[in-house]
Amino acid sequence: ETMQNWDLQKLFDRGMIEGALVRDELFDDISKGKRLTIYQGFDPTSPNLHVGHLLGLRVLRWFQIHGHRVILLIGDFTGRIGDPSDRPEARSRLTHRQVLENAETYTEQFSRIFDLEGDNPAEVQFNGRWLDTITLTEFIGIMDKFTVQQLLERSMFQERMKKNEPLYLNEMVYPILQGYDSVAMEVDAELGASDQLFNMMRGRDLVRSYLGKAKHVLTTPLLNGLDGRKMSKTYGNTVDLTEDPVPMFFKLTLVQDSELPSFMRLLT
């Protein structure tokens with residue numbers, strides 16, 4: 001497999017990893033042979049993962065091939081709240097049943113990319129396992145680690161307030177809950193698209209508070225969809241990993257020419 005021969009620098013050179021906090025420490029850990037626990041979260045707001053997700057999954061596959069522990073986290077709890085990242089309005093709320101139904105085929109989709117068995121299997125976990133059982137006392141203790149000013153630094157929240165549009169408390173709590181996932185799984189690193197940076201940094205804050213260590217935060221670039229906007233289930237401009245080969249090929253022929261260099265660099 002090609003990625004077997006790639007070093008970490010290659011992922012940066014190809015732009016598959018856009019940024020890392022703190023980059024020097026990450027390279028140092030890898031060079032010393034430290035086995036990192038790294039994860040990415042997926043809120044099952046739709047039954048299908050798409051090519052935009054594939055970029056992050058390929059990065060995680062590199063880590064698995066090179067002996068690191070990979071966790072694929074399904075946000076069955078956070079998916080019910082709705083991630084406010086990069087959204088000018090609140091998401092529609094989903095029930096637990098809807099979220100679990102959407103997630104039914106995620107493990108099968110992951111199995112197309114990862115080894116889920118063997119010596120170093122990628123693990124599929126659900127964040128409802130700890131977030132559903134957290135007590136109000138524990139939750140207040142977690143919230144005690146943040147200020148309102150910290151959460152309001154988020155540019156999208158600022159935009160809503162300027163426009164006098166609703167900003168719901170559950171949306172402000174979302175980054176805290178996502179951040180707690182890092183503590184619950186005691187991870188060394190989190191991977192996510194660049195629009196997840198704010199959420200991932202809150203996890204970094206909590207890992208420092210609870211576990212007394214620095215969490216690596218790695219970002220992947222956002223891949224544009226068939227209409228030139230960010231590939232997103234919301235926009236309906238995705239190429240899903242569950243597509244049959246012929247419609248998948250046809251959809252990919254619709255990608256704008258200007259996007260082809262990044263598709264080639266990031267996905268091949």
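**Confidence, nonpolar cores and a surface patch**

Within the protein chain of this predicted model, confidence is lowest in helix 10 (residues 155-162), with a mean of 88, and highest in strand 6 (residues 216-220), at 98; here pLDDT is the predictor's confidence in each residue, from 0 to 100, while helices (H or I, at least four residues) and strands (E, at least two) are DSSP runs numbered from the N terminus. The mean pLDDT of the chain is 92, and 97% of its residues reach 70 or more. Residues are numbered from 1 along each chain as its sequence is written, and side-chain values use heavy atoms, with hydrogens and water left out. Local features need pLDDT of at least 70 and side-chain atom pairs count only at pLDDT 80 or more, whereas totals for chains, interfaces and linings use all residues.

The largest nonpolar core, a set of buried Ala, Val, Leu, Ile, Met, Phe, Trp, Tyr and Cys residues joined through side-chain atoms within 4.5 Å, has 43 residues, and those with the most contacts inside this core are Phe63, Leu72, Phe110, Phe114 and Leu218. Buried means under 20% relative accessible area, exposed over 50%, and partly exposed in between (1.4 Å probe, protein chains only). Among the elements that give two or more residues to this core are helix 1 (8-13), strand 3 (69-74) and helix 14 (260-267), and helix 3 gives the most, with nine residues. A second, separate core of 25 residues includes Leu73, Trp130, Leu151 and Val183.

Leucine 197 lies in helix 12 (residues 197-211) and counts as partly exposed because its relative accessibility is 36%.
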